[in-house]
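Welcome! Here are some exercises to work through at your own pace, each with a worked solution. Take a look at the structure first, then read on.

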Amino acid sequence: MSHPENHAPSYYAATAKGFESFPALDGDATADICIIGGGYTGLSAALHLAERGRSVILIEANRLGWGASGRNGGQLHSAQRREQSTLESWFGKAEAHRLFDLGEEAKALVKTLISKHHIPCDWQDGLIHAIHKERYIDEMQHEIDLLQNGYGVEDITVLSKDEIAARLGTSVYYGGWREQSAGHLHPLNYALGLAKAAKNAGAKLYEGTRALRMIDGKKQRVETATGTITADTVILACNGYMHGLDPTTEARVMPLHNFILATEPLGERAKALIPGREAAADSRFVVYYWRLSADNRMIFGGGETYGRHFPADIKGFVRKHLLKLYPQLSDVRIEYGWGGTLAVTVKRLPFMRRLRPGLYTSGGYSGQGIGTATMAGKLLAEAISGEQERFDVFARLPAPAFPGGKLLRYPSMVLAMTWYALRDRL
Ligand SMILES: Cc1cc2nc3c(=O)[nH]c(=O)nc-3n(C[C@H](O)[C@H](O)[C@H](O)COP(=O)(O)OP(=O)(O)OC[C@H]3O[C@@H](n4cnc5c(N)ncnc54)[C@H](O)[C@@H]3O)c2cc1C
């Protein structure tokens with residue numbers, strides 16, 4: 001199978017549907033809104049703004065969906081990246097409820113967009129959370145009680161050690177829970193579907209067009225190598241791939257590399273692994289996450305690096321993690337291995353801000369971007385249209401800068417992450 005030009009050599013690129021090429025910007029252009037970055041954040045913002053009748057230009061340095069949005073684990077989670085108990089202790093019950101509601105709306109929004117725009121991205125219901133340490137089981141039960149009694153969540157099933165082993169084909173977990181309304185999808189095809197929907201709604205999309213500089217003034221100006229865009233409002237939607245455009249965002253949104261493999265198709269063997277075809281994610285700090293693809297491959301993610309480079313042998317790097325859960329797959333061929341760059345914040349909550357009049361930024365979804373980035377696009381469209389209230393629920397979240405500034409944050413982050421990764425093993 002061939003990989004469409006300039007995309008990571010992933011299983012997703014090899015099975016992409018509806019690839020379309022978009023031109024590079026050629027000359028000067030004007031729009032109400034200029035969006036920089038063509039992942040879920042930018043594409044969803046383009047779609048929602050265009051649906052509101054605004055003129056939109058989106059520029060993407062590479063291909064649409066080239067970044068994390070075209071390479072991720074495909075898992076659509078519920079609520080926020082942080083537990084509700086943590087959010088309640090940080091922000092109080094009322095704010096925690098607002099965040100929960102927006103997280104649930106994000107999950108619903110993804111599913112609505114898939115069906116409304118007929119996006120062929122293999123949506124599959126069901127997600128299992130697996131607990132890798134016995135002492136976490138009590139915390140898990142406490143969180144589930146809170147979700148069921150405080151937030152009215154009804155679709156959770158608690159799984160015993162034996163039940164989770166039967167559902168996931170591995171006996172390494174002490175228990176967990178299953179959610180029916182979360183699930184998984186083909187992430188690149190979802191991104192391409194959003195692009196098509198945004199284009200059909202009237203947004204102008206450009207590929208191979210990198211924003212080089214932003215100039216503030218009565219109007220906003222974005223310079224690229226092949227032209228300048230003049231707009232009332234600019235949205236920065238570059239997430240982990242922003243290099244030098246905005247120091248405020250970059251001090252708070254830290255890029256991290258994460259890696260995935262796809263096995264050969266497993267045919268009948270797949271049924272014995274995950275008979276219910278759910279996605280699964282575990283309780284490690286450096287999370288293991290996995291699922292079966294529509295053609296019965298195991299898609300498994302695990303392992304992170306914090307330096308500038310990807311490992312030379314990504315397949316081997318991820319396979320050693322896979323075999324910890326599934327030693328029975330040691331004879332299976334690994335057909336694809338790829339990496340991507342996500343972005344985290346200190347609090348593992350998104351960074352959404354109006355940085356100054358005419359400039360918005362959104363990113364740092366901390367591994368939960370399929371729903372949150374899609375929702376961010378909708379909230380940006382609301383805020384730019386004068387409906388600030390829901391955007392502000394995120395905009396008022398605290399967002400400390402990483403210690404060490406842009407240059408020194410890597411060493412301090414590496415130390416902190418290595419410590420937490422070590423704790424996974426204790
Ligand atoms: C390996 C991996 C696994 C993950 N697994 C999951 C998961 O299972 N579930 C989940 O919810 N989330 C997951 N995530 C996170 C999720 O993919 C991201 O949060 C989400 O895709 C972010 O979308 P985005 O649009 O903000 O950024 P991106 O998709 O990264 O898009 C940013 C785009 O901006 C472009 N860009 C950057 N600078 C410029 C510039 N100057 N000019 C023009 N364009 C520019 C880049 O080329 C890029 O295409 C994972 C991420 C990775 C990397």
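## Exercise 1: A glycine in a loop

Gly92 sits in the loop that links helix H3 (84–91) to H4. Helices here are DSSP runs of H or I with at least four residues, strands are DSSP runs of E with at least two, and both are numbered from the N terminus. Before we start, note that this is a predicted model, in which local features need pLDDT of at least 70 and side-chain atom pairs count only at pLDDT 80 or more, while totals for chains, interfaces and linings use all residues. Residues are numbered from 1 along each chain as its sequence is written.

**Task.** Decide whether Gly92 is buried or exposed.

**Solution.**
- Step 1: recall the cut-offs. A residue is buried if 20 or more other C-beta atoms lie within 10 Å of its own, exposed if 12 or fewer, and partly exposed in between, with C-beta atoms placed from the backbone.
- Step 2: apply them. Gly92 has 10 other C-beta atoms within 10 Å, so Gly92 is exposed.
- Step 3: look further away. Ala270 is 178 residues from Gly92 in sequence, and their C-alpha atoms are 44 Å apart in space.

## Exercise 2: A glutamate in H4

**Task.** Find which residues Glu104 is in contact with, leaving aside its neighbours within four places in sequence.

**Solution.**
- Step 1: locate the residue. Glu104 belongs to helix H4 (residues 93–116).
- Step 2: check its surroundings. With 18 other C-beta atoms within 10 Å, Glu104 is partly exposed.
- Step 3: list the contacts. Two residues are in contact if their C-beta atoms, placed from the backbone, lie within 7 Å. Beyond those close sequence neighbours, Glu104 is in contact with Ser78 and Ala79.
- Step 4: compare sequence and space. Glu104 and Ser181 are 77 residues apart in sequence, yet 9.5 Å apart from C-alpha to C-alpha.

## Exercise 3: Two positive phi values

**Task.** Say where Asp122 and Arg348 are found.

**Solution.**
- Step 1: Asp122 is in the loop between H4 and strand E4 (124–131). Its phi is positive, near 55°, though Asp122 is not a glycine. Asp122 has 17 C-beta neighbours inside 10 Å and so counts as partly exposed.
- Step 2: Arg348 is in the loop between E15 and strand E16 (351–356). Phi of Arg348 is also positive, near 55°, in a residue other than glycine. Its 15 C-beta neighbours inside 10 Å make Arg348 partly exposed.

## Exercise 4: Following E13 and its partners

**Task.** Work out which way E13 runs relative to E12 and to E14: parallel or antiparallel?

**Solution.**
- Step 1: recall that two strands pair if DSSP finds at least two bridges between them.
- Step 2: strand E12 (residues 279–282) and E13 are antiparallel, with two bridges. Ala281 has Tyr289 of E13 as its bridge partner. Six residues lie between these two strands, which form a hairpin.
- Step 3: E13 and strand E14 (residues 298–305) are antiparallel too, with four bridges. Trp290 faces Phe300 in E14. This hairpin has five residues between its strands, and Asn296 has a positive phi near 65° there.
- Step 4: check the faces of strand E13 (residues 289–292). Tyr289 and Arg291 lie on one side, Trp290 and Leu292 on the other, and all are buried. In a regular strand the side chains alternate between the two faces of the sheet.

## Exercise 5: Helix H11

**Task.** Explain why H11 can be called largely enclosed by the rest of the structure.

**Solution.**
- Step 1: count. Of the 16 residues of H11, 15 are buried, so the rest of the structure largely encloses this helix.
- Step 2: check the length. The expected span is 1.5 Å times one less than the number of residues. For the 16 residues of H11 this gives 22 Å, which agrees with the 21 Å between its end C-alpha atoms.
- Step 3: see what follows. After H11 comes Gly386, with a positive phi near 95°.
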